[in-house]
Amino acid sequence: MFKKFISLEWKQFRRSKNFEKSLIIKIFMGIGILYFLVIALSLGTGMYFGIKKKFPNQDPWVIVNNFIIFWFFAELVLRYLIQKMPILTIKPLLILPITKEKIIHYGLAKSLLSVFNLILLFILLPYSVVLLIKGYAVLHVVAWFFGMIMLSYTLNFIVFLVNKNDTYFYSILAFLLVLVGLEYFNVFKISAIAGTAFNYLSTHPFAIAVPILVLLGSYFASFKHLERNLSLDDLQEEVKEAKTSDLSWLNRFGAVAPFLKNDLKLIWRNVRPRKTVISGAIFLFYALYFIMMKKNGVKTGMNNPYMMAFAMMFVTGGFAMTFGQLVPSWDSEYYKLLMSQNIKYKTYLDSKWYLMGVAVIISFVLATPYIYFGWEIYALLIAGAFFNLGINSYLVLFGGSLLRIPVKLNEKAKAFGNTQGFKISQLLISLPKMLLPILLFGIPNYFWGFNAGIITVVGISIIGILLKNFFLTKIENIYQKTKYKTIAAYSEAT
């Protein structure tokens, strides 16, 4: 039966009207996955020697056991945001003489091919080989290796349980962030407790029974969860009564107010835009990674203004980088109706610009605690906010004119890791978004100093804000020229 399912999926992929596009996307994704697997392999091969060099008086295996818990924390969060559930056309199968159990087992088995499982495998396999070469007991290393892989697979199945319930996920995320914070400030060491358990596994091979039982339990729980929700009635798109909200305060924006109200309702009422916005909010913490980077006890991220300029652009531009890049695809389900109204395209684009502008300002306010790390970091944050308002917003809207891929608003999909709404041109237009802040800040900073870089970014961005009508008019002309091609593309998809 598994062979039959694979055959059906191949036919579905091969006969798709977007086969060429999907094939190109999968090739690029394959190259990307191969790149990360090579990095994982290199990391696993050199990890033992790097730890031994850094901590010559400590056992590298013990250090890995103490801190691998944070890998699992990060993996759980990333799996929820990025990992796609196994795709299988369920409805036609449910009316055929095929048991639900076989369908579910196939979906769960297919999920084990996730790149997350491969990355940890490619890290731990060479690391375990190095441990064996260094004389560690074979039985202990093998038991530890398979125990870690089983725990990773357990997270794979846990994602099935929290996938449809954001409350569970964000409760878990809040709990994990608290644990990480307590660890960072030396209040409560979760690494000591987890390290004791993992070190016990590495010295007592029979303890592998615990990961085995946990894996089987998570598989059984996921199976029962899917079995309860696998019926034609449960697969029907849920219809909810729309709740009205008083958005009259937006009337002060004049002609763009109806579009702003529509966008806010779209985000509030639909699955994919709501998850995309929440995912964009995670970029608020993006710069912390660079700030906390250390080398020989020195925080290298804070000492590298080019790196921090890049990071600070993402802190205030998360909404534009996630939600904004799919303008006008968000409106694809009713785009023909929208274009048949007596409205100006410029007004439509104005509303999107204001929406991104408000998001940048809100992100800037929420990122105020970055001032704790110094005025230079905060100055870069200010420059990043101005860049997103005066430059990046136009690049995002221009990039939208190149997209003609519809987006299903209530699709049960991840905000990331979904190829719907993807084109190669989207990758190309992303390059200036990432390189421009580094160039605008980096060149003046190199020749005239830090303040010159900040002034340059802010000054050019202010000019961009003042020339908003000019840039939006140019972008409007592009949208007008491609208007009917966009309508035709959306119509063909439906």
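**Overall architecture and selected local environments**

Of the 494 residues of the protein, 46% count as buried. The structure described here is a predicted model. Its secondary structure consists of 22 helices and 2 strands. The accessible surface of the protein amounts to about 26,500 Å², and carbon and sulfur atoms account for 70% of that surface. Contacts in the protein were also examined by sequence separation: when residues at least 6 apart in sequence are considered, 80% of the contacts join residues at least 24 apart.

Helix 12 covers residues 257-269 and thus has 13 residues. From the first C-alpha to the last, helix 12 reaches 18 Å, close to the 18 Å expected at 1.5 Å a residue. The buried residues in helix 12 are Ala257, Phe259, Leu260, Asp263, Leu266 and Ile267. Several other helices provide the packing partners of these buried residues: helix 13, helix 15 (305-322), helix 16 (335-339) and helix 17 (345-366).

Helix 13 (271-281) is followed by a loop that leads to helix 14 (286-291), and Phe283 has its place in this loop. The relative accessible area of Phe283 is 17%, and Phe283 therefore counts as buried, the cut-off for this class being under 20%. Between Phe283 and Met312 there are 9.4 Å in space, C-alpha to C-alpha, while the two residues are 29 residues apart in sequence.

A further buried position is found in helix 7 (residues 138-162), which contains Thr154. With a relative accessible area of 6%, Thr154 is buried. When residues up to four places away in sequence are not counted, Thr154 touches Val214, Leu215 and Ser218.

The surface was examined as well. Leu435, Leu439, Ile443, Tyr446, Phe447 and Trp448 make a nonpolar surface patch of about 770 Å². One of these residues, Leu435, lies in helix 19, which comprises residues 424-448. Leu435 has a relative accessibility of 49% and so counts as partly exposed, because a residue is classed as exposed over 50% and as buried under 20%.

In terms of accessibility, the three individual residues described above can be set side by side. Thr154 in helix 7 has a relative accessible area of 6%, Phe283 in the loop after helix 13 has 17%, and Leu435 in helix 19 has 49%. Thr154 is thus buried, Phe283 is likewise buried, and Leu435 is partly exposed.

Notes: Residues are numbered from 1 along each chain as its sequence is written. This is a predicted model: local features need pLDDT of at least 70, side-chain atom pairs count only at pLDDT 80 or more; totals for chains, interfaces and linings use all residues. Side-chain values use heavy atoms; hydrogens and water are left out. Patches are made of residues with over 30% relative accessible area and no salt bridge: like charges are joined within 9 Å, nonpolar side chains (Val, Leu, Ile, Met, Phe, Trp, Tyr) within 5 Å. Accessible areas come from the Shrake-Rupley method with a 1.4 Å probe; for residues, only the protein chains shown count as cover. A salt bridge is a side-chain nitrogen of Lys or Arg within 4 Å of a carboxyl oxygen of Asp or Glu. Helices (H or I, at least four residues) and strands (E, at least two) are DSSP runs, numbered from the N terminus. Buried means under 20% relative accessible area, exposed over 50%, partly exposed in between (1.4 Å probe, protein chains only). Contact means heavy atoms within 4.5 Å. The expected span of a helix is 1.5 Å times one less than its number of residues.
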